[in-house]
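Dear colleague,

I am passing on a structure for you to look over, and my notes on it follow directly below. Please read them with the coordinates open beside you.

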Amino acid sequence: MGLLEKTIQRIQAPDAAAYEAAKDRLRNQARPAGSLGILEDVGARLAGIFGKIDVRLEKKIVITCAGDHGICAEGVSLFPQEVTPQMVYNFVGGGASVSVLARHAGAEVRVADLGVNWDFAPDLPIYHKKVRKGTGNFAVEPAMTRDEAVRSIEAGIEIVDELTAEGPVHLIGTGDMGIGNTTPSTAIIAAYSGIPVPELTGRGTGIDDDGLRKKIAAIEKGLALHRPDPKDPLGVLEKVGGLEIGGLAGLVIGAAAHGIPAVCDGLIATAGALIACELAPAARPYLFASHNSVEAGHRYMLDHLGLRPLLHLEFRLGEGTGAALAMELIDAATRILAEIKTFAEVGIGDAQ
C-alpha cells in the first residue's frame, strides 16, 4: 500500500459531539440566532475538527504549489512560461501578492516546486518536489503518466507530513502558481460537471477573444481525445490535470489526515481540492472555500464540493491570496464561538 492509500485511511471524521455543542452555544448566544451567517457554521465546524469550543489558530501557513503546463503550446495564456520560476523567486523573496496578504493575516508562505520547467538551486528555501519539468500538452497527449499523478499527490502529502514534524499546524491555505493552469483546471470541472466548455472557460491572465477561442478549443480537443472518467479521479488528473494541481490535492488529503483544516484559494486550488475529495470523501469536512473567483468554472467547482465561499472580491489571481484573506475571517469565527456570551451567561432567560 502506497503513501496515498495509507494517508486516506488515516482520515478520521470530526468530533460530532463537539460540533453539536458548538451549534448549541451559537444558538444560545446573546444575539439573534443565525445573525452571523456563514461564520457560525465555520466556527462550529472548527470546533468539530479540533474537538473543543475555544479553538486557537496560532500557526497558519499558505503553501503555494508551482508547475508548468504543456497546454501553453496551444496559445491559452497571455504570459510565457518563464514567468513561473520568476514568480517562485518572488514568493521566496516575500514580494508577491500572497506574501503581503499572508503577512497581514499572520500566516507564513511556503512554496513547493511540483513541476516548474526550471532548475532551482538545491539550497533555495522551497519544497523541492519536482515530479517532472512541466506536463505534456493534453490537447495531443496525456498531461502526465498515472504514476506521475500519484507522485504529485503524494508530494503534497509529504509536505504536510514535513510541516507537522516541525511542530503544530492549525490552518493550511492552498495556493498555486503556473502559467496556463486555468486551462487544466477548467478541463477538470468540465469532466466532472458535463457542462459545455465555453460556459466554464474564463480569461485567466487576461487573454483576448482569440485567446479565449484557442483555450476553449484546446480543452474540448483534450476532453474528446482522452475522455477522462470522473469515477477515476487519478485518471482525470493524469489525462488533463497539472502537477501542482496534484500537489494541491495532496495538501488537502494530508491536512485531513493530520486533523488540520484547509482553506483553498481560487480555481486551481479548488481543482486540487475537487480531486482530493473525489479520492478521499472523508477529507471534505476539513475543507473551507476562501472565495468565489471571476473564473467561470470556479462556481461550478464550489457547487460540486458543496462549499460556500467566504468572500466575493472578483479575484482572479491565485497564489493563495484569497486563502490568506479568508484566514482572518476563519480566525474571527473561532472568537465568535468562544467569546460571545450566551443569554444564560449574561443572566437573560428564555430570550430565544
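How are α6 and α11 oriented to each other? In this model, which is a predicted one, the axes of helix α6 (residues 146-166) and helix α11 (residues 243-257) come within 6 Å and cross at roughly 45°. An angle that is neither under 35 degrees, nor over 145, nor from 65 to 115 counts as oblique, and α6 and α11 are therefore oblique to each other. The crossing in which α6 passes α11 is right-handed.

On the side of α6, the contact is made by E148, S152, I153, G156, I157, I159 and V160, while α11 contributes L243, G246, G247, A249, G250, L251, I253, G254 and A255. Sorted by class, this contact of α6 with α11 comprises nine nonpolar, six polar and one charged residues.

The other point concerns the loop between α13 (296-305) and α14 (321-339), in which E314 is placed and in which E319 is also found. E314 has a positive phi of about 60° although it is not a glycine, and E319, likewise not a glycine, has a positive phi of about 75°. As for their surroundings, E314 has a relative accessibility of 66% and so counts as exposed, whereas E319, at 5% relative accessibility, counts as buried.

With best regards

Key. Residues numbered from 1 in each chain as written. Predicted model: local features only at pLDDT ≥ 70, side-chain atom pairs only at ≥ 80, totals over all residues. Heavy atoms only, no water. Helix = DSSP H or I, 4+ residues; strand = E, 2+ residues; numbered from the N terminus. Buried < 20%, exposed > 50% of the residue type's maximum accessible area, 1.4 Å probe, protein only. Axes fitted to C-alpha atoms, helices over the stretch in contact; angles between N-to-C directions. Left-handed = near helix turned anticlockwise from the far one by under 90°. Contact = heavy atoms within 4.5 Å. Nonpolar A, V, L, I, M, F, W, Y, C, P; charged D, E, K, R; others polar.
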